[in-house]
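Good morning, colleagues. Please bring the sequence and the structure up on your screens, and I shall go through the fold and its packing.

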Amino acid sequence: MAKSTPHIEIALELQHAYDVFNRELFQGTLPTCMLTLQREKTSVGYFSAARFGNRLGQHTDEIALNPTYFSVVTILETLQTLVHEMVHLWQHHFGEPGRGRYHNGEWAKKMEAIGLMPSDTGQPGGKRVGDQMSDYAIEGGEFLRVARMLLTEEFTLSWHDRFPPVEACRVAAQLVSTSLSSDLGFPARGLLVFSAISDGTKS
Ligand SMILES: [Zn+2]
C-alpha cells in the first residue's frame, strides 16, 4: 500500500472541487487561490483577499474551510460553504464587496444566480443581505446540479477533525433534523450553522 500523504490528499480533493465549481458556475474565470483548513471556533469558513504572497511579489487569495465540520455535516454542506466563499472571491475580483463582513446586494444576486439563495436564517424568507449570512441550495439551481455531478464521481473529503466541539455536534444535529424532508438526502435548506456560527471575510 502506498504511503498515505494526508495533506496532499485533502489538498487535491479541495482543489478538484474548486476547479469543477469554477468551471461550471463561474465559466472558469476565478483565479486560483490558497485553500486552507482552519479550525476557527466561530467560523465554518472564510475568504481573505490577497492573504498569501511569494518571493516574486505575487499574491493569492485564501479560502479557508473548517474541518471541524467535515465529520458533522454532509459533504454537500461543506461544498455549499466552499461555493459561498468562492462568491466572495468572485466579488473581490469582479465586483464591489461590501464593507467589512457585510454581504451586499451584488453578492446576494450572484449567489442566487449560481443556485444558492442568501438568507440570514438559512431558511426561505430570511434577509438577503447582512453581516452574518447563510444560504440554502435552490432546487433545480446550478449549485445542486454541479454538486450532484461531483458527488456521483464518488468525491469525498478523506480527512476530518476527530474532535469536533460540542457546539458543532449540536448544530449538526439541528441540520439533520431539518433535512428529513429533502430528496435524495440532499438538504433543501441551508446552513443553520451560520445563525450561530458564521463565515467571515478577513483582511
Ligand atoms: Zn460570507
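I shall begin with the overall architecture, then turn to the nonpolar cores, and close with one pair of helices.

Please bear in mind throughout that this is a predicted model. The protein contains six helices and six strands, and from the N terminus on their order is α-β-β-β-α-α-β-β-α-α-α-β. Of its 203 residues, 35% count as buried. Among contacts between residues at least 6 apart in sequence, 66% join residues at least 24 apart.

Let me move to the interior. The largest nonpolar core has 29 residues, and those touching the most other members are Phe21, Val83, Met86, Leu89 and Phe143. Which element supplies the largest share of this core? That element is H2, with seven residues. Other elements that each supply at least two include helix H1 (6-25), strand E2 (43-53) and helix H4 (142-152). As for Phe143, its contacts beyond four places in sequence are Leu25, Val83, Ile114, Gly115, Leu116 and Ala137. Apart from the largest core lies another, of six residues, with Tyr69, Phe70, Val72 and Ala168 among them.

Finally, the helix pair. Helix H2 (residues 75-94) and helix H3 (residues 105-113) have axes that come within 10 Å and cross at roughly 125 degrees, which makes H2 oblique to H3. Their crossing is right-handed. On the H2 side, the residues in contact are Val87, Trp90 and Gln91; on the H3 side, they are Glu106, Trp107, Lys110 and Met111. By class, this contact comprises four nonpolar, one polar and two charged residues.

Thank you for your attention.

Notes. Residues are numbered from 1 along each chain as its sequence is written. This is a predicted model: local features need pLDDT of at least 70, side-chain atom pairs count only at pLDDT 80 or more; totals for chains, interfaces and linings use all residues. Axes are lines fitted to C-alpha atoms, for helices over the stretch in contact, and angles run from 0 to 180 degrees between N-to-C directions. Helices (H or I, at least four residues) and strands (E, at least two) are DSSP runs, numbered from the N terminus. Angles under 35 degrees count as roughly parallel, over 145 as roughly antiparallel, 65 to 115 as roughly perpendicular and the rest as oblique. A crossing is left-handed if the near helix is turned anticlockwise from the far one by less than a right angle, and right-handed if clockwise. Two residues are in contact if their C-beta atoms, placed from the backbone, lie within 7 Å. Ala, Val, Leu, Ile, Met, Phe, Trp, Tyr, Cys and Pro count as nonpolar, Asp, Glu, Lys and Arg as charged, and the others, Gly among them, as polar. A residue is buried if 20 or more other C-beta atoms lie within 10 Å of its own, exposed if 12 or fewer, and partly exposed in between; C-beta atoms are placed from the backbone. A nonpolar core is a set of buried Ala, Val, Leu, Ile, Met, Phe, Trp, Tyr and Cys residues joined through C-beta atoms within 7 Å.
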